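Got the model up in your viewer? Grab your selection tool and let's take a walk through it, stop by stop.

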Amino acid sequence: MLIYNRSNLLPALVSSKVYQQLEFLAVGSWWIYDKTTFKKIPSSREDVVNDQSIDLRAKRNVMRFLQLAASPESHLAAIEEHGSEPFPAYLQSQFKISEQLQVTLLALTMSPNLPSNTLTSNALTNIHRHLTSVGLFGPGFGAVIPKWGGLAEVAQVACRAGAVGGGVYVLGRGIENTETTSDKEHEHDDEDAEPMIQIRLTDGEKIKSKAVGGSSYDLPVEQQDIAEEVERVSRSISIISSPLDELFPPIAEGAPLPAAAVMVFPSGSLDGGETKEATMHAPVHLMVHTAESGECPAGQCIIYGHTATTTPSRPSLLSFAVSKLLESLTVQPQAQVIWSMQYQQCHPPSTTSKSPDNVFLCQDIFPSLVLEDDVLRDVRSIWESITEKDAKPPFMTFEDREGMDSGEKDDDGDEDIS
Amino acid sequence: MVDSGNASAPKPSSSVKLVLLGEAAVGKSSLVLRFVNNAFQENKEPTIGAAFLTQKTALPTRTIKFEIWDTAGQERFASLAPMYYRNAQSALVVYDLTKPTSLIKAKHWVAELQRQASPGIVIALVGNKLDLTKGAGGEAAALPAEEEGVEGEGEGEGDGDARKITTQEGRSYAEEEGLLFFETSAKSGVNVQEVFTAIANAIPETQMKTSRQGAGGGAGGGTQAALGSDRVNLTGGKGEAKEGCAC
């Protein structure tokens, strides 16, 4: 998963000081598949101006669009007016942007959906984020990945910071059930009996807490019959025998070395340009990480495939995309897939199931390619609910933990992050 | 030196991240328990995942706060180890003097640390369970010279000498690899404090994360030494300017 530089997560990592334990690497180029080869997508307006392959009139139209998309006000106004239209239709009607360039702009949205299902509201929001992220932490790149294996690393660091702050975290035990105790446990009551939640862990141990937070995987939630509405994503991981250096040209002068490349196969492109939406495959994204990511040995690279599963499903689509990528490269001898795996991820539609007071349910995260801001927004609203009665500490703002003069334990109010 | 020229602080205090590694049941948690609580527990249960403890050590010129990550030795947790030794300034690699395979495992850990941990990490090789060896104090010479003889209680059944790895073997390996070396007993307490003190002394002052009173600006900057040029600096550039984002 990549994190745009504009993501709300990054400032929170800085203010909470946990960024000191993390390493981020730059995402380099976006590439788009066209017939048999990949073309690098211009990543900034400057790049568009310099792109010889776009004719002058088309360039002007694209520039007009990019200007609107980069503007904080205009892009919102456009969303207001055209948000519910399919994005390609919007580009056509408002900017006379040709189908071929539409495909390129669609690639920048990172949308997993077919073009007609990609709404202008989402597309403009995402392209705005893409454009305004570039340059934020150095020239030429707009997104980062956490080193050493992705976002799990962030959760780990958060748990570690929690432990350093005096929190306890326990592995291998889940929550069996929760029960809000009101009056019955008055024997050893505290000052004013705030309602406490009694939690029974899977090993039988009982603990009490003022609040409980977690996802539907952590908390006992009533299951509803939702099977058909589940969205599915196919994913693959492939380790490649070559570092595929040609996918990682230097980003810009003074920029860090790129550690990831985004390869986009537009809808239908793997079928030689199938155009009937009913039979078209959804966009396929391959994220290629260098060995610098810490995810594969030096001299190799690792490819993460992702595509929304359409019906009828095509289990071999991702491995086909990987082979097309390897064929398109000039590296000799041709790079080989050393090892690969595939799996499907399901995403239940968000539920509004009511949970008891002070039991907070995080929304399930859609298994997408990009870390979305609503993840942290969700955490923040839970944070605010829990800290409401107290002094309202600013969200995710902690002192440097090196300071040891201010008493042994500073209660960070850490939540369980799982 | 670094920053933090804080005049009011009488003795600078720094925190040091330390990780314990080693085969299962060599006594990692027991060493920590001895160091932190000066206690010992027979038949301690295996660690799950990892445990975290802190302990301060006063040196003549500064105070060190150890942030200790005690990892699980069982093989099924081995894949977790990297996230504990990453960014660690020091590591204690423990083996059991009475169990040859545990030294082999310790050597693997040392190699992994040298390959993957922060460059400049201070590694101490520790042979534990000295109390099970004969004449525990006599032969057991540890790096900091003299050794007050310890009554090895002989709890190791049959009283005999259960030692399988000579002091010489451990020490010469440690010397080859440039490690600190100690033989300890978490049970009797021999050399436990010494290990941590030696580590504290071996960490160059420039590597310390000195406490910054001011917090505020907190441009973390140079704390993580020797970073590649490929690492993105989140506090650099015009980053933080817009705080809060769309949140």
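How are helix 4 of chain A and helix 7 of chain A oriented to each other: roughly parallel or roughly antiparallel? Before you check, keep in mind that this is a predicted model.

**Stop 1: two helices in chain A**

Select residues 72-82 of chain A for helix 4, and residues 120-133 of chain A for helix 7. Their axes lie 9 Å apart, and the packing angle is about 170°. Angles over 145 degrees count as roughly antiparallel, and therefore helix 4 of chain A and helix 7 of chain A are roughly antiparallel to each other.

Now show side chains where the two meet. On helix 4 of chain A, pick His75(A), Ala78(A), Ile79(A) and His82(A). Their partners on helix 7 of chain A are Thr120(A), Ser121(A), Leu124(A), Thr125(A) and His128(A). Colour this contact by residue class and you should get 3 nonpolar and 6 polar residues, with no charged ones.

**Stop 2: helix 7 again, with another partner**

Keep helix 7 of chain A on screen and add helix 6 of chain A, residues 99-109. These two axes come within 8 Å and cross at roughly 75°. That makes helix 6 of chain A roughly perpendicular to helix 7 of chain A.

Which residues make the contact between helix 6 and helix 7 of chain A? From helix 6 of chain A, select Leu105(A), Leu108(A) and Thr109(A). From helix 7 of chain A, add Asn122(A), Ala123(A), Asn126(A), Ile127(A) and His130(A). By class, this contact has 4 nonpolar and 4 polar residues, and no charged ones.

**Stop 3: a cis peptide bond**

Next, zoom to Pro333(A), in the loop between helix 9 (317-328) and strand 13 (337-347) of chain A. Look at the peptide bond leading into this proline from Gln332(A): the bond is cis, with omega near -10°. For context, most peptide bonds are trans.

**Stop 4: chain A from a distance**

Zoom out and show chain A as a cartoon. You'll find 10 helices and 14 strands. Of the 418 residues in chain A, 37% are buried. Take the contacts in chain A between residues at least 6 apart in sequence, and 70% of them join residues at least 24 apart.

Colour by pLDDT while you're here. Chain A has a mean of 84, and 86% of its residues reach 70 or more. Confidence in chain A is lowest in helix 2 (residues 45-50), at a mean of 78, and highest in strand 11 (residues 284-290), at 97. Then select residues 403-418 of chain A, where the pLDDT is below 50. Beyond near neighbours in sequence, this stretch still has 30 contacts in the model.

**Stop 5: over to chain B**

Hide chain A and bring up chain B, with its 6 helices and 8 strands. Trace the chain from the N terminus and the elements run β-α-β-β-α-β-α-β-α-α-β-α-β-β. Buried residues account for 39% of the 247 residues in chain B. Among contacts between residues at least 6 apart in sequence in chain B, 71% link residues at least 24 apart.

**Stop 6: helix 6 of chain B**

Which residues of helix 6 of chain B are buried? Select Val192(B), Val195(B), Phe196(B), Ile199(B) and Ala200(B). Turn the view to look down the axis of helix 6 of chain B: the buried residues fall within an arc of 130°, so they line one face of the helix.

Centre on Ile199(B), found in helix 6 (residues 192-202) of chain B. Ile199(B) counts as buried because 23 C-beta neighbours sit inside 10 Å, and the cut-off is 20 or more. Leaving aside neighbours within four places in sequence, Ile199(B) is in contact with Leu18(B), Ser90(B), Val122(B), Ala124(B) and Leu180(B).

**Stop 7: two positive phi angles**

Most residues other than glycine have a negative phi, which sets up the last two picks. Go to Asn87(B), in the loop between helix 2 (81-85) and strand 4 (90-96) of chain B. Asn87(B) has a positive phi of about 65°, and counts as buried with 20 C-beta neighbours inside 10 Å.

Finish on Lys129(B), in the loop between strand 5 (122-128) and helix 4 (136-139) of chain B. Here phi is positive too, at about 75°. Is Lys129(B) buried or exposed? Lys129(B) is buried, with 26 other C-beta atoms within 10 Å.

Definitions and conventions
Residues numbered from 1 in each chain as written. Chains lettered and ligands numbered in written order. Predicted model: local features only at pLDDT ≥ 70, side-chain atom pairs only at ≥ 80, totals over all residues. Helix = DSSP H or I, 4+ residues; strand = E, 2+ residues; numbered from the N terminus. Buried ≥ 20, exposed ≤ 12 C-beta atoms within 10 Å, placed from the backbone. Axes fitted to C-alpha atoms, helices over the stretch in contact; angles between N-to-C directions. Parallel < 35°, antiparallel > 145°, perpendicular 65-115°, else oblique. Contact = placed C-beta atoms within 7 Å. Nonpolar A, V, L, I, M, F, W, Y, C, P; charged D, E, K, R; others polar. pLDDT = per-residue confidence, 0-100. Arc of directions from axis to C-beta.
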